[in-house]
Amino acid sequence: MRHTRQNQNQFRPATLLYVEDDESLSFVTRDHLELQGYKITHCADGKTAKAAIENGQFDLCLLDVMLPETDGFTLAEEIRKKNTEVPILFLTARSLKEDRLHGLRLGADDYITKPFSIEELILKIEVFLRRSRIVSTPEPQEYTIGAYAFSYPNLELKYGEEVRRLTQKEADLLRYLIQHKNQVIKRGDILEKIWGENDYFLGRSLDVFISRLRKYLKEDDSIKVENIHGVGFCFHA
């Protein structure tokens, strides 16, 4: 995959923060990503990455978990304090379910387990960047959900005077549930629409995000995200 994607030409080059301490892997990955037209800021340790986060704006972050100075989980927390919208992908040799779920709870959007193919990485990057660009369209999309007001363009969920800022994926999922209110939605359909593919670990990610939304909407008893065993979910409001 040496050609630059056509949709990249329609926008400014996407800026990626890439944090990886493996010199050989980072050289090869950075080279392929730059050939795709991405602008890469590479950091080899967590301390340097923290400085880059403070001083730069990124369209997507690729974080290794095991890093010198500061680990990837801590970096993800730092990024989320500054920016709740930017997609975060973990690149890691860790395959434990607990590590994956921990990263997702911190606000990460996806995992890619080493060794990975460059094609898979580029595909995932493009999916998240494309979704972010669609969301940035200034068309207003406001929703009333029971006692809540949800502003999709602003990623805000309001309950009275309380305002919660959602991550991009939380907002994507909540809007999808609202659009299919009182309908049984298959897990696979949600994963294909919001995550871009249907697999086991992304299914666990979906469960994490559903739990978050239930917590955010708990003040109104009329709102429920019903689990339909073996099928998916039904959103009632």
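## Two loop positions

D22 is located in the loop that connects β1 with α1 (23–35). The model described here is predicted. With a relative accessibility of 36%, D22 is classed as partly exposed, since values between 20% and 50% fall into that class. Between the C-alpha atoms of D22 and D45 there are 9.8 Å, although 23 residues separate the two along the chain.

A second loop position, L217, is found between α8 and β11 (224–228). L217 counts as buried, its relative accessibility being 3%. The C-alpha atom of L217 is 9.1 Å from that of A147, and the two residues are 70 apart along the chain.

## The parallel sheet

An open sheet is built from 5 strands with parallel pairing, in the order β2-β1-β3-β4-β5. The edges are taken by β2 (39–43) and β5 (110–113); each has a single partner strand, so one side of each lacks a neighbour in the sheet. From one strand to the next the twist averages 20°.

Strand β1 (residues 15–19) is joined to β3 in the parallel sense by 4 bridges, and within this pairing V19 has L63 of β3 as its bridge partner. Strand β3 also runs parallel to strand β4 (residues 88–92), again through 4 bridges; here C61 stands opposite I88 of β4. Between β3 and β4 the chain passes through helix α3 (residues 72–82), and the resulting β-α-β crossover is right-handed. The pairing of β4 with β5 is likewise parallel, over 4 bridges, with T113 in β5 as the bridge partner of T92.

## Burial of strand β3

Which residues of β3 lie on each side, and are they buried or exposed? On one side are L60, L62 and D64, on the other C61 and L63, and all of them are buried. This pattern can be read against a general rule: in a regular strand, side chains alternate between the two faces of the sheet. Strand β3 (residues 60–64) is accordingly described as mostly covered, with 5 of its 5 residues buried.

## Helix α6

Helix α6 spans residues 168–179 and contains 12 residues. From its first C-alpha to its last, α6 reaches 16 Å, close to the 16 Å expected at 1.5 Å a residue.

Of the 12 residues in α6, 11 are buried, so the helix is largely enclosed by the rest of the structure. The buried residues include the charged-type names K169, E170, D172 and R175, together with Q168, A171, L173, L174, Y176, L177 and I178. One of these, R175, lies over the face of Y152, at 3.9 Å from the ring centre.

## Aromatic pairs

The structure holds 6 aromatic pairs. Among them is the pair of Y148 and Y159, which is tilted, with 5.0 Å centre to centre and 35° between the planes. Y148 belongs to strand β7 (residues 148–151) and Y159 to strand β8 (residues 156–159), so this pair ties together parts 11 residues apart in sequence. The two rings fall into separate burial classes: Y148 is buried, at a relative accessible area of 3%, whereas Y159 is partly exposed, at 29%.

What geometry do the rings of W195 and F209 adopt? Their centres are 5.5 Å apart and their planes meet at 75°, so the pair is edge-to-face, the angle being over the 60 degrees required for that class. W195 lies in helix α7 (residues 187–195) and F209 in helix α8 (residues 200–216), and the pair links these distant parts of the chain, 14 residues apart. Both W195 and F209 are buried.

## An aromatic cluster and a charge over a ring

F209 has a further contact: the charged end of R212 sits over the F209 ring, 4.3 Å from its centre. Elsewhere, F73, F90 and Y111 form one aromatic cluster. The members of this cluster come from elements already described: residues 72–82 make up helix α3, residues 88–92 strand β4, and residues 110–113 strand β5.

Definitions and conventions:
Residues numbered from 1 in each chain as written. Predicted model: local features only at pLDDT ≥ 70, side-chain atom pairs only at ≥ 80, totals over all residues. Heavy atoms only, no water. Buried < 20%, exposed > 50% of the residue type's maximum accessible area, 1.4 Å probe, protein only. Pairing = 2+ DSSP bridges. Right-handed = clockwise from strand over helix to strand, strands pointing away. Expected span 1.5 Å × (residues − 1). Phe/Tyr/Trp six-rings, centres within 6.5 Å; stacked < 30°, edge-to-face > 60°. Lys NZ or Arg CZ within 6 Å of the ring centre and 35° of its normal. Axes fitted to C-alpha atoms, helices over the stretch in contact; angles between N-to-C directions.
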